[in-house]
Amino acid sequence: MPHLTPNSIGSVIESAVSKRSLLLGRAAHAFIIRTLDTPPPAFLSNHLVNLYSKLDLPGSAELVIRLTPSRSVVTWTTLIAGLVQNGHFASALIHFSNMLRDHVQPNDFTIPCAFKAAASLRLHATGKQVHAFSVKSGQVTDVFVGCSAFAMYLKTGLIEEAKKLFDEMPEKSIAMWNAYISNAVDVGRPRDAVHKFIEFRRAGGNPDSITFCKFLNACSDASYVELGQQLHGFSIRSGFEESVQVSNGFIDFYGKCGKTGQAEVVFDEMRERNDVSWCTLVSVFVQNHEDEKACGVFLRARKEGVEPKDFMVSIVISACAGLSGLELGRSVHSLAVKACVDDNIYVGSALVDMYGKCGSIEDAERAFHEMPERNLVTWNAMMGGYSHQGHSDTALALFEEMTGSYRVPPSHVTLVCVLSACTRAGAVKQGMEIFESMRERYGIEASAEHYACIVDLLGRAGMVERAYEFIKKMPISPTISVWGALLNACKVYGKPELGTIAAHKLFELDPKDSGNHVLLSNLLAASGRWEEATLVRKEMKDVGIKKGTGYSWVTVKGKVHTFQAKDTGHDRNSEIQATLAKLRRQMEAAGYIPDTKYSLHDLEEEEKMTEVGHHSEKIALAFSLLALPPGVPIRITKNLRICGDCHSAFKFISGIVGREILVRDNNRFHRFRDGHCSCRDYW
DNA sequence: CTAGGGTTAG
């Protein structure tokens, strides 16, 4: 490289920075040391500081600074800006004061960095000092300086100071409006954000891509669905159809409003996508419980060569949790290890959650213990896993450990886990005590979810009337899950009157749901109130509510086998039928009597018996017994709730064949072993 | 060679 001039070395370093190539940058640095005088020209030192601070090697950058006698404002600012960009806010502030001690005056590039660092650390006193400095030097009126000072006051919560600054600014850049709107969204005041946007438009402002993104967040947070849709037209007219960020914002907005179809349309129509586009679409499907679609988009992304980063991996793992897809979950786990993202706290928490929901508590524990750091979500996931699997005592012990020795303050999610663990353990007294001390001890206001837990707690313990009295005294209006818990208890303990009250509340709140009608009708039938039961069925038919088709599925060697009731379409059908017949004989010998009230059709008794014998979960079980090697636990997933007859049949079968049977239905998890189920009181 | 406001999650 004989012809390299200092100027061209500068360009080489510049390109190393833009390509983020440390190798190239180090080569240039070595070349400088070998061929040029020490110290090199000041501008080359600046280039080197820029290189190391952008590539997040602050130590090397500091070293270059120390070896540069002619440190200028640019040298210092380059270092500080790099530190801020890489999130090292405290060192940025330390170097800001080092710079002052070095008698170098900050310019209007330096001060915004200092404001940003102070704001990110919520150091309002430091922020005020920087502000005072910029007033004295006359720099506040600069649009960048003023805007960053304004943003600092917003972030540190000094709203009055922020407003004063806003009004005093001679020229308001769009960044100032964006900072305002964005802050309103961040502090949970989306309506303020919307009002500010309208004020901005009245003042003649034209939104840019950042305004659109933040405004969309405000729309979804405040459920302003129509406003967001109107904005879609406006954004296209303003020429933002090509903006990847804005399109990503619309995908997210439509997803949060439950319009997954629209979200997909926006995604499909994008000419260019980045990995955020893919992640957003996957998470849209997960948020709306369309986990299969989420996995489908993920596989498509893999095919298109999108790198599996921590973000994507954590979302896909939660999709696997929703599907109870242990095999797929394991394969995403190994992908996470290969991509070196399994150390990420989001990924780790998602793994704990996934293994817990898939019924593999040992894997959940392993993932939990292997995590380098844990946060509240990690603890919640582990506790949820234990509680879900019926290990109530372990869940409660973990709660003690978390709040006691680890001093992690619980969230409302934690308390839902704890209360449901109490329910499973039948610990009424303990559960009530925790519930009543929530506000005082943990500063958590009980939400409808917590009330539902208590109704469930009392209901499952057989105190159905007390549960109803409890609902009547609720200070907030009871939700679907509250009445659902009561109806469930009425079903278990045969309380047709209360059950009818609960069910009718549910019909109002959730008119399209078929499950509640079926539950009430079964309850009435079981209590001998045949006419009322028939009436509920008739009502259901009249209003046009259909019971969704029930599916059960199992995964064998990575292939998913799906079954419906009375399914005869599988390749191994004749073997399946033979297994079902054999199982029925063995069960009957052990004392099993088919419970025909779970047959939903108007048939003769004999036919009903045959029908319940061919529910999708039984077929899936027969197939699993054929297809899986002996001793391996059988995992069945069902999109509806497992039927009561199948539930008792599975208990018998688990004893007869000596196998563990794990069923994940759309309500809960069942582990059948040695003639028992982990949910004991459920049916 | 240096700057403000910013899209995705458990």
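These are my notebook entries on a predicted model of chain A with DNA strand B.

**Ground rules**

I worked with a predicted model, in which local features need pLDDT of at least 70, side-chain atom pairs count only at pLDDT 80 or more, and totals for chains, interfaces and linings use all residues. Residues are numbered from 1 along each chain as its sequence is written, chains are lettered from A and ligands numbered from 1 in the order in which they are written, and side-chain values use heavy atoms, with hydrogens and water left out.

**Whole chain**

I looked up the secondary structure of chain A and found 36 helices and six strands. Both are DSSP runs numbered from the N terminus: helices are H or I with at least four residues, strands are E with at least two. The C-alpha trace of chain A spans about 95 × 55 × 55 Å along its principal axes. Of its 683 residues, 49% count as buried. Buried means under 20% relative accessible area, exposed means over 50%, and partly exposed lies in between (1.4 Å probe, protein chains only). I then looked up contacts, meaning heavy atoms within 4.5 Å. Among contacts in chain A with a separation of 6 or more, 61% are between residues 24 or more positions apart.

**Repeats in the record**

An unreviewed UniProt entry lists residues 72-106, 274-308, 344-374 and 375-409 as "repeat: PPR". Positions are in the numbering used here, feature names are shortened, and annotations may be inferred rather than shown by experiment. I checked two of these spans. Residues 274-308 are 74% helix and 0% strand, with end C-alpha atoms 12 Å apart. Residues 344-374 are also 74% helix and 0% strand, and their end C-alpha atoms lie 10 Å apart.

**Helix 22**

Which residues of helix 22 (residues 361-370) are buried? I noted Ile361, Asp363, Ala364, Ala367 and Phe368. They lie on the same side of helix 22 because they cover an arc of only 160° around the axis. The arc is taken from the directions from the helix axis to the C-beta atoms. The exposed residues His369 and Glu370 sit on the face turned away from the buried side. The cover over the buried residues includes helix 20 (326-338), helix 21 (345-357) and helix 23 (376-388).

**Thr110**

I found Thr110 in helix 7 (residues 110-120). Thr110 counts as buried because its relative accessibility is 0%. Leaving out residues up to four places away in sequence, Thr110 touches Val73, Thr77, Ile80, Phe96 and Met99. Its side chain also makes a polar contact with the side chain of Asn107 (2.8 Å). A polar contact is a pair of N or O atoms within 3.5 Å; within protein, one must be able to donate a hydrogen and the other to accept it, and residues adjacent in sequence count only if both atoms are side-chain atoms.

**DNA strand B**

How many residues surround DNA strand B? I noted 46, the closest being Glu14, Asp208, Gln245, Asn248 and Asn375. Of the strand's atoms that come within 4 Å of the protein, sugar and phosphate account for 36%. A polar side-chain atom of Asn375 lies 2.5 Å from a base nitrogen of the strand. For Asn46, a side-chain N or O atom is 2.7 Å from a base oxygen. For Lys214, the partner is a phosphate oxygen, at 2.8 Å.

**Asn667**

I placed Asn667 in the loop between strand 4 (661-664) and strand 5 (669-673). Asn667 counts as partly exposed because its relative accessibility is 37%.

Conventions. A residue is near a molecule or strand if one of its heavy atoms lies within 4 Å of it.
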